[in-house]
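Please open the model in your viewer and keep the sequence panel beside it. The stops below say what to select next and what is to be found there.

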Amino acid sequence: MMAQTALFLATVVIAGQLGELSLSQAMKTLGEVKRFDPATLLRFIASAFRVKWMWIGVGLMAVAFFSLLALLSWENVSMVVPATAVNYAVGAMGARFLLGEQVTKERWIGVIIVCIGVAFVCV
Amino acid sequence: MAERKSRRGKTLTLLGLMVTFGSLGDVLLGRGMKQIGDPPSWAPGAALAFFVRAFGSGTIWLGIVLLLLFLVSYMLLLSWADFSYISPASAIGYALVALLGYFFLGEQVPATRWIGVGLICLGVFIVGGTHPNTTQNR
């Protein structure tokens, strides 16, 4: 059961973060939104669904969601939710290596402190 | 310089909206589902009746609308800001929910949660001090 929990937890975190990174890639493909009138926003949303990264992201996030539901069927929320605080560190690593973002030392320190803080809040 | 300042301003504004929409959406969805209660069983008929009841609730619809606004704000933010900036900064929502629970719902918040809230605020403050975009128009 321990190995199964570890496998599902890893799926929740990795698929979830890869999904969000794909979403980020999709939005970067569309470019910065500079106007916020309703017509521009509707056009932006419609074009988002024509980018393949958007669909890859949605698919991966669905995998993460259903893995989380499965995991919660045998593990306690009080164990699962604090453990997923590691999401922030995994996401920052993915942003650095897959999206080429510059994660500075300050940002890393902030991310690690947030991870610890989220784990404390959820315990 | 002016563009950099205005981008930081719009990033923080949209981040505030995103966190508020997300937190309120979660709270309303949770409240709406509690009002409806557990389904008597998951047999097809009972499950259908449960979903019909859920989608007849104004609270749940308001929660869904707020969560959609959360998603749009998140997508807009990601169109220019780093994922490694937005993701940790959005954790401030945990602190917001704890504070709302304490001040508005009179919930008991244990000491460990306050420590967590303090750490999240510190972490978000540090991340917030970095530049929101490191991949384009630097």
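Begin by selecting chain A of this predicted model, which has 6 helices and 0 strands, so that a cartoon view should be read, in the order of the sequence, as the pattern α-α-α-α-α-α. If you show only the C-alpha atoms of chain A, they fill a box of roughly 50 × 35 × 25 Å along the principal axes. Of the 123 residues in chain A, 35% count as buried, and among its contacts between residues at least 6 apart in sequence, 78% join residues at least 24 apart.

Before going further, colour chain A by confidence. The mean pLDDT of chain A is 93, with 100% of its residues at 70 or more; within the chain, confidence is lowest in helix α4 (residues 77-83), at a mean of 85, and highest in α5(A), at 96. As a general caution, where pLDDT is low, the predicted coordinates should not be read in detail.

Now select chain B, which likewise has 6 helices and 0 strands and whose elements run α-α-α-α-α-α from the N terminus on. The C-alpha trace of chain B spans about 60 × 35 × 20 Å along its principal axes, and its radius of gyration is 19 Å, whereas a compact globule of 138 residues would have one near 14 Å. Buried residues make up 35% of the 138 residues in chain B, and 80% of its contacts between residues at least 6 apart in sequence join residues at least 24 apart.

With both chains visible, turn to the place where they meet: 36 residues of chain A are in contact with 30 residues of chain B. On the chain A side, the elements that give two or more residues are α1 (2-30), α2 (38-48), α5 (87-97) and α6 (105-122), and α6(A) gives the most, with 12 residues. The residues of chain A on this side divide into 22 nonpolar, 8 polar and 6 charged.

Select α6(A) next. This helix has 18 residues and reaches 26 Å from its first C-alpha to its last, close to the 26 Å expected at 1.5 Å a residue. Its buried residues include A:R107, A:G110, A:V114 and A:V118. Which elements do the buried residues of α6(A) pack against? They pack against α5 of chain A together with α4 (83-89), α5 (92-104) and α6 (111-128) of chain B.

From there, move to A:A92, which is placed in helix α5 of chain A. Why does A:A92 count as buried? It has 27 C-beta neighbours inside 10 Å, and therefore counts as buried. Residues up to four places away in sequence not being counted, A:A92 touches A:V103, A:W108, A:V111 and B:S84. A distance drawn between the C-alpha atoms of A:A92 and A:W108 should read 7.8 Å, although these residues are 16 apart in sequence.

Finally, select the residues with the most contacts inside the largest nonpolar core, which has 58 residues: A:V114, A:V118, B:M18, B:L77, B:L78, B:A91 and B:I120. The element that gives the most to this core is α1(A), with 9 residues. Centre the view on B:L77 to end the tour: leaving aside neighbours within four places in sequence, B:L77 is in contact with B:T11, B:L14, B:L15, B:M18 and B:I86.

How values were computed. Residues numbered from 1 in each chain as written. Chains lettered and ligands numbered in written order. Predicted model: local features only at pLDDT ≥ 70, side-chain atom pairs only at ≥ 80, totals over all residues. Contact = placed C-beta atoms within 7 Å. Helix = DSSP H or I, 4+ residues; strand = E, 2+ residues; numbered from the N terminus. Nonpolar A, V, L, I, M, F, W, Y, C, P; charged D, E, K, R; others polar. Core = buried A, V, L, I, M, F, W, Y, C linked by C-beta atoms within 7 Å. Buried ≥ 20, exposed ≤ 12 C-beta atoms within 10 Å, placed from the backbone. pLDDT = per-residue confidence, 0-100. Expected span 1.5 Å × (residues − 1). Rg over C-alpha atoms; globule rule 2.2 N^0.38 Å.
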